[in-house]
Amino acid sequence: LSVCLSVASGRHLLWKMWLGVVAWLTLEGAALCQETASFFPHTQSQIQSIAIPASGTSGIASPYPSTITFPADTGVVLAVNVTLYGFFHTAAYDVSIALQAPGGAYICVFNTPVSSSNDVLLGTYTFTSQSTTIYTPGGSPGVYQFPSSCSHYSGQTSTPVDTSTGLSSILSNTGAGDWRLYVYDQDRNDLGIIGGWSLTLGVPSPPATSTVIVTQTQIRRISIPGSGKFLT
């Protein structure tokens, strides 16, 4: 959402809010204010949970990938938000998550290149092109920027070919089609889950009513190593 306000001396303020990320920008002149791109959120959701990994304690998740489809009338992409609901893992360092756009380009959603034994704390995590906050292992659920690359995918034949094409390869291209979320656990001994996820695209004009893809939710009882506890 963007709101442009006229103030004294021909200056304008642009108020932008993108799912909790707020910024005020001072702009010179009405023309610039009018030309600043506004975008409208278009959200699609997938409620099927993602087991990390699919079996054992390392490897690809299930489903792989998890898919959200945007309709044919979806406009060009001006901003991207990925929200992971009920995300938990007993070792944040093990997990890499990449998002593939309909055109084939990838962006990294989650990756922690520095070795750490800290958990991904159970909660809702949003990764967005509008944030500058970097996620660190053990960090609280919240709003974070996309990582620069998914280093754990290197050399894995079952994962996307390229996970570092970046936002520039997605922005200004159409959002219509299948968006695929690839989740990978690169090390043994730890487990996790994502309860569901949503994708919000910033598009130039108001979208039709967003829909939810309703599928059977998979329930997995996860043992937390060394704790004697279970996450269900």
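## A guided tour from Tyr 144

Tyr 144 makes a suitable first selection: its relative accessible area is 9%, so this residue counts as buried, the cut-off being under 20%. The model on display is predicted. The tour returns to Tyr 144 after a survey of the whole chain.

**The whole chain**

Display the protein chain as a cartoon. One helix and 18 strands make up its secondary structure. The chain has 232 residues, and 42% of them are buried. Of the contacts between residues at least 6 apart in sequence, 69% join residues at least 24 apart. With the surface switched on, the accessible area comes to about 10,700 Å², and carbon and sulfur atoms account for 55% of that area.

**The nonpolar cores**

Select Val 80, Val 82, Phe 87, Ile 97, Leu 99, Leu 181 and Leu 199. Within the largest nonpolar core, which holds 34 residues, these touch the most other members. At least two residues of this core come from each of the strands S5 (50-52), S7 (66-70), S8 (79-89), S9 (95-100), S10 (106-110), S11 (120-128), S13 and S15 (196-203). A second core of five residues is separate; Ala 98, Tyr 106, Cys 108 and Tyr 182 are among its members.

**Strands S8, S11 and S12**

Next, show S8 and S11 together. The two strands run antiparallel and are joined by six bridges. Select Val 82 to find Phe 127 of S11 opposite. Then add strand S12, residues 143-145. S11 pairs with S12 in the parallel sense, over three bridges. Here Thr 126 stands opposite Val 143 of S12. While viewing these strands, note a general point: side chains in a regular strand alternate between the two faces of the sheet.

**The aromatic rings**

Show the rings of Phe and Tyr as sticks. The model contains 10 aromatic pairs. One of them joins Phe 87 and Tyr 125 edge-to-face, with 5.6 Å from centre to centre and 75° between the planes. Phe 87 belongs to strand S8 and Tyr 125 to strand S11, and this pair links distant parts of the chain, 38 residues apart. Both Phe 87 and Tyr 125 are buried.

Now return to Tyr 144 and add Tyr 135. Their ring centres are 5.3 Å apart and their planes meet at 90°, so this pair too is edge-to-face. Tyr 135 has a relative accessibility of 9% and therefore counts as buried. To see how these pairs belong together, select Phe 87, Phe 110, Tyr 125, Phe 127, Tyr 135 and Tyr 144, which form one aromatic cluster.

**The loop between S6 and S7**

Move to the loop that follows strand S6 (59-60) and leads to S7, and select Pro 63, which is found there. The peptide bond from Ser 62 to Pro 63 is cis, with omega near 0°. Pro 65 has its place in the loop between S6 and S7 as well. A cis peptide bond, with omega about 0°, joins Tyr 64 to Pro 65.

**Thr 74 and its surroundings**

Select Thr 74, in the loop between S7 and S8. Its relative accessible area is 7%, so Thr 74 is buried. The side chain of Thr 74 reaches the backbone oxygen of Pro 71 at 2.8 Å. Leaving aside residues up to four places away in sequence, Thr 74 touches His 42, Thr 174, Gly 175, Ala 176, Leu 201 and Val 203.

**Ser 172**

Select Ser 172, which lies in the loop between S12 and S13. The phi angle of Ser 172, near 75°, is positive although the residue is not glycine. In contrast to the buried Thr 74, Ser 172 is exposed, with a relative accessible area of 55%.

**Asp 190**

The last stop is the loop between strand S13 (177-185) and strand S14 (192-194), where Asp 190 is found. Is Asp 190 buried or exposed? Its relative accessibility is 15%, and Asp 190 therefore counts as buried. Which side chain does Asp 190 join in a polar contact? Display Thr 90 alongside: the side chains of Asp 190 and Thr 90 are joined by a polar contact of 2.7 Å.

Definitions and conventions. Residues are numbered from 1 along each chain as its sequence is written. This is a predicted model: local features need pLDDT of at least 70, side-chain atom pairs count only at pLDDT 80 or more; totals for chains, interfaces and linings use all residues. Side-chain values use heavy atoms; hydrogens and water are left out. Helices (H or I, at least four residues) and strands (E, at least two) are DSSP runs, numbered from the N terminus. Buried means under 20% relative accessible area, exposed over 50%, partly exposed in between (1.4 Å probe, protein chains only). Contact means heavy atoms within 4.5 Å. Accessible areas come from the Shrake-Rupley method with a 1.4 Å probe; for residues, only the protein chains shown count as cover. A polar contact is a pair of N or O atoms within 3.5 Å; within protein, one must be able to donate a hydrogen and the other to accept it, and residues adjacent in sequence count only if both atoms are side-chain atoms. A nonpolar core is a set of buried Ala, Val, Leu, Ile, Met, Phe, Trp, Tyr and Cys residues joined through side-chain atoms within 4.5 Å. Two strands pair if DSSP finds at least two bridges between them. Rings of Phe, Tyr and Trp (its six-membered ring) pair if their centres lie within 6.5 Å; planes under 30 degrees apart count as stacked, over 60 as edge-to-face and the rest as tilted.
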